[in-house]
Amino acid sequence: MKTKSFSDSYKNAGVDVTAGYKAVELMKSHVARTTIPGVVSGIGGFGGLFQPSLAGVKEPILVSGTDGVGTKLKIAFLMDKHDTVGIDCVAMCVNDVVCCGAAPLFFLDYLAVGKNVPERVAEIVSGVADGCVAAGCALIGGETAEMPGFYPVDEYDLAGFTVGMVDREKVVDGSKLQAGDALIGLASSGVHSNGFSLVRKIFDISEKNIRTYVPELGKTLGEALLTPTKIYVKPVLSVMQKFAIHAVSHITGGGFYENVPRMMKPGLSAKIDLTAFPKPAVFSLLQEKGCIPPREMYNTFNMGIGMCMAVEQTDADAALSELKAAGEEAYIIGEVVAGDEGVVLC
């Protein structure tokens, strides 16, 4: 980017516009690797341009989602590791829109920093790009805001949004859900990006214990907690192309009790067998150390299942095989039953 823009007065107030230009240059290679057909503009303009292909689409529906990383960022600050939280940011958005059957088209991020350190900004954006590649969408723009006095110089906040598209006749909205449908759970990669205020309180997170090796986790506490949120877009869309998926739920904040009922229609509930899937060690540690009742664990965390899909019972085994062939850890975790409980865990 050719520019003669600079301001010593603004720099003395804590905002270095030249650092922003350097950050853009450093992130360009990361943005470039997310390019997919449809990208019209590069970064640096006032808006990101994207031309979706409508081939074979009768009635295109746009589906949008937005989210942030939350207080998981506090772990990144303590670990001084910033190349994975961008994956979390993308995941929290694209995993939501795919629940409707939509393929994410593009993503934009918003990064607010106390001090613009170009190398750190580029590291953060590298994670955003990794997430976009995993989701099959393009990073077509974003914003980095330097806000001295609002954020500490070594801290930042990260959020973003995505827009996806699905043909109206292929929208997954739970309307075809019926008693007897099988529930398939896709394994999570860990805590993902929810419940970290509680996580940090239970583990009494500090610079010292964040780097402590935990035998049950097979790594340091910080490494385990920074494991990025799993992105389910490609395997879920692949299964949707071959089987009639009746409903999908992204298990995020609020755990099973809040999210599974969101995919149910009146008169139907989800009956989930908690012995049908393994519980990652990190959740056992959290429950034991925090003395948290089981119900509250399943009302806060994903407990090992990041995505739940309802499929006709006759297709359940084949759909499960398809997911496993795609490299996913997946399990038949229950079924849809009559009732208005929303979800029953047993």
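**Strand β4 and its partners**

I started with strand β2 (residues 103–113), which pairs with β4 in the antiparallel sense over 10 bridges. This is a predicted model, so I'm reading positions from a prediction throughout. For a concrete spot on that pairing, I looked up proline 104, and it stands opposite glycine 164 in β4.

Next I checked what else pairs with β4. Strand β1 (residues 60–68) does, again antiparallel, over 9 bridges. Here valine 63 is the residue that stands opposite glycine 164. So glycine 164 of β4 has turned up twice in my notes, opposite valine 63 and opposite proline 104.

Is β4 enclosed or open? I found 9 of its 12 residues buried, so β4 is largely enclosed by the rest of the structure.

**The loop before β4**

I moved to tyrosine 151, which sits in the loop between β3 (138–146) and β4 (156–167). Which residues does tyrosine 151 contact, leaving aside neighbours within four places in sequence? I got Ala112, Val113, Gly114 and Asp157. Glycine 114 is 37 residues from tyrosine 151 in sequence, yet their C-alpha atoms are 4.4 Å apart in space.

**Two domains**

I then stepped back to the whole chain. The domain assignment splits it into domain 1 (10–168) and domain 2 (179–343). Their centres, taken over C-alpha atoms, are separated by 25 Å. For the contacts across, I noted 31 residues of domain 1 and 32 residues of domain 2.

I also looked at the UniProt record, an unreviewed entry. It places "domain: PurM-like N-terminal" at residues 62–166. That span is 36% helix and 36% strand, and its end C-alpha atoms lie 7 Å apart. The record lists "domain: PurM-like C-terminal" at residues 178–344. For residues 178–344 I have 32% helix and 23% strand, with the end C-alpha atoms 16 Å apart.

**The cores**

Which residues touch the most other members of the largest nonpolar core? Leu225, Phe256, Ile272 and Leu286 do, in a core of 96 residues. Helix α4 (residues 85–97) gives the largest share of this core, 7 residues. Why does this core lie between the domains? Domain 1 and domain 2 both give residues to it, so that is where it lies. My background note is that nonpolar side chains tend to be buried together in soluble globular proteins.

I followed leucine 225 a bit further. Not counting residues up to four places away in sequence, leucine 225 touches Lys72, Ile75, Val191, Phe196, Val199, Phe203, Ile205 and Val282. There is also a second, separate core of 8 residues, and Phe50, Phe106, Ala138 and Met165 are among them.

**Strand β11**

In the other domain's stretch I looked at β11. Strand β5 (residues 182–187) runs antiparallel to strand β11 (residues 330–338), and 5 bridges join them. Glycine 185 stands opposite tyrosine 331 in β11. Strand β9 (residues 268–272) also pairs with β11, antiparallel and over 5 bridges. Isoleucine 272, which I'd already met in the largest core, has glycine 334 of β11 as its bridge partner.

**Helix α10**

Which residues of α10 are buried? I listed Val282, Phe283, Leu285, Leu286 and Gln287. Among the elements covering them are α6 (196–203), β6 (213–214), α7 (221–225) and α11 (294–298).

Glutamine 287, in helix α10 (residues 281–290), got its own look. Its side chain makes a polar contact with the side chain of lysine 279, at 3.4 Å. Beyond four places in sequence, glutamine 287 touches Lys279, Ile292, Pro293, Pro294 and Met297. After α10 comes cysteine 291, with a positive phi near 50 degrees.

**Two aspartates with positive phi**

I finished with backbone angles. Aspartate 80, in the loop between α3 (73–79) and α4, has a positive phi near 50 degrees though it isn't a glycine. Buried or exposed? Aspartate 80 is exposed, with a relative accessible area of 55%.

Aspartate 204 lies in the loop between α6 and β6. Its phi is positive too, about 50 degrees, and aspartate 204 is no glycine. At 56% relative accessibility, aspartate 204 counts as exposed.

How values were computed
Residues are numbered from 1 along each chain as its sequence is written. This is a predicted model: local features need pLDDT of at least 70, side-chain atom pairs count only at pLDDT 80 or more; totals for chains, interfaces and linings use all residues. Side-chain values use heavy atoms; hydrogens and water are left out. UniProt positions are given in the numbering used here, feature names are shortened, and annotations may be inferred rather than shown by experiment. Helices (H or I, at least four residues) and strands (E, at least two) are DSSP runs, numbered from the N terminus. A polar contact is a pair of N or O atoms within 3.5 Å; within protein, one must be able to donate a hydrogen and the other to accept it, and residues adjacent in sequence count only if both atoms are side-chain atoms. Contact means heavy atoms within 4.5 Å. A nonpolar core is a set of buried Ala, Val, Leu, Ile, Met, Phe, Trp, Tyr and Cys residues joined through side-chain atoms within 4.5 Å. Buried means under 20% relative accessible area, exposed over 50%, partly exposed in between (1.4 Å probe, protein chains only). Domain bounds come from an automatic or database domain assignment. Two strands pair if DSSP finds at least two bridges between them.
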